[in-house]
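Reader: I am new to this structure and would like a close look at a single part of it. Could you take me through the enclosed spaces inside it, with the terms explained as you go?

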Amino acid sequence: MSGDHSDATIAQRVRRLETLLEEKGVLSGAQLDETIDAYLSGASPANGARVVARAWTDPDYRSRLLADGTAAVRELGFMEGSYQRLRVVENTPGTHNVIVCTLCSCYPLRLLGPSPSWYKSEAYRSRVVREPRAVLAEFGLDLRAGTEITVWDSSAETRYMVLPCRPEGTQGLGEEQLAALVTRNALIGTAAV
Amino acid sequence: MARINDVGGTEGFGAVDITEDPEPFHADWEARVMGLVNALGAKGIFNTNEFRDAIESMPPREYLSTSYYERWFHAVCVLLERKGVLEPGELDEPGELDG
Amino acid sequence: MSWNRVSSMNRVSSMAEDRFPPGTRVRTFRHDPPHHTRLPRYARGKRGVVVEPEGPAELADVSALGDGHAPVEQIYAVRFDARDLWGEGDHHVVLDLWESYLEEDRADER
């Protein structure tokens with residue numbers, strides 16, 4: 001392996017591996033297709049946004065979500081059958097949370113969908129634990145001076161999701177309209193809502 | 001010794017390129033590799049920590065010059081050889097199905 | 001003691017959920033282990049405070065060997081001051097760390 005594989009070369013090697021695995025009876029093409037389809041269909045930031053909108057509108061749900069994220073998102077049908085735990089960390093006017101995995105790329109896939117390239121980049125992973133304020137500013141998020149920042153480095157079996165602050169002037173909105181305001185980056189902590 | 005994946009606090013990687021990806025995968029083979037890793041893991045051929053270990057054990061120069069899913073593909077091939085599912089070099093042999 | 005794979009793998013774990021209750025001051029393992037680990041270099045030999053236990057899981061260091069004999073240990077969320085990690089900064093970093101990455105940081109040893 002080296003970095004100068006052209007896309008065509010590596011695509012050919014991947015196809016060859018698939019063929020070998022099928023011939024050996026290890027993995028069928030159908031099983032592989034199923035895995036990919038399940039990955040693409042089940043995971044979306046709309047799931048995390050729904051959880052947030054519920055927490056914004058239902059104080060009891062919010063309490064349950066912060067106490068035991070895994071159980072609370074299962075109430076809405078998410079993360080069933082996952083061995084991972086979920087911890088939801090809440091932003092307040094004076095505190096801000098942001099998620100990273102410095103060692104690899106751990107990410108709450110089922111609630112946030114496929115992770116963006118920047119989340120997996122060495123630049124983000126190396127810097128956000130060291131200088132979060134500067135990194136957040138590059139995302140256009142300028143936090144008020146004095147805001148306490150906590151960086152959650154996902155180093156084990158827990159996955160993290162941020163519960164952003166509910167924006168002002170949204171009192172009249174229903175759960176669906178609120179969910180539409182919540183972006184993936186807000187769930188990672190690199191944006192506000 | 002620390003491994004090359006352990007980058008928290010390392011200087012020199014520059015600004016974060018926050019450009020959004022048009023699609024979750026840049027090419028179809030990336031999706032196939034993601035599927036292979038997940039499906040083989042689900043079958044118990046290797047566990048998550050073995051998989052991470054195989055990525056982290058890449059020589060630093062190689063790690064830094066390969067893309068995310070190239071690393072995944074490297075790791076899955078290393079593990080399949082280690083587990084005896086693939087013979088050493090088997091993937092490199094020109095197979096009749098390649099034509 | 002020479003620090004090698006065997007001594008690293010034999011770190012003691014109690015598997016007690018309450019070995020480090022929330023608020024306990026802890027210090028992390030100092031060594032660069034010669035194998036896979038989930039304690040990043042930047043947090044080795046550092047002082048932190050336990051937030052709470054995160055539940056048990058197989059110790060990643062041994063699980064990576066793939067022989068099915070990894071001990072199950074409690075994982076703790078541990079909060080670190082940026083100043084203790086980097087010598088500067090006013091933020092906090094939280095890591096999820098297996099029990100055998102940690103020892104109690106007793107005041108009389110400081």
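Author: The largest cavity holds about 90 Å³ of space, where a cavity is a set of points, on a 1 Å grid over the protein atoms alone, at which a 1.4 Å probe fits but cannot get out, and where a volume is the space filled by probe spheres set on the points, which are joined across faces, edges and corners. Its lining, meaning residues with an atom within 4 Å of a point, comprises 13 residues, and the closest to the centre are B:Arg3, B:Asn5, B:Asp6, C:Thr37 and C:Arg44. By class, that lining divides into 5 nonpolar, 4 polar and 4 charged residues, with Asp, Glu, Lys and Arg counted as charged, Ala, Val, Leu, Ile, Met, Phe, Trp, Tyr, Cys and Pro as nonpolar, and the others, Gly among them, as polar.

This is a predicted model, in which local features need pLDDT of at least 70 and side-chain atom pairs count only at pLDDT 80 or more, while totals for chains, interfaces and linings use all residues. Residues are numbered from 1 along each chain as its sequence is written, chains are lettered from A in the order in which they are written, and side-chain values use heavy atoms, leaving out hydrogens and water.

The structure holds 2 cavities of 30 Å³ or more, and the second largest has a volume of about 30 Å³. It is lined by A:Glu18, A:Leu21, A:Leu27, A:Ser28, A:Gly29, A:Leu32 and B:Leu36. Helix 1 (7-23) and helix 2 (29-42) of chain A are the elements that give two or more residues to this lining, helices being DSSP runs of H or I with at least four residues, numbered from the N terminus. The lining of the second largest cavity has 4 nonpolar, 2 polar and 1 charged residues.

How values were computed: On a 1 Å grid over the protein atoms alone, a cavity is a set of points where a 1.4 Å probe fits but cannot get out, and a pocket is an open set with protein on both sides within 12 Å along at least five of seven lines; lining residues have an atom within 4 Å of a point.
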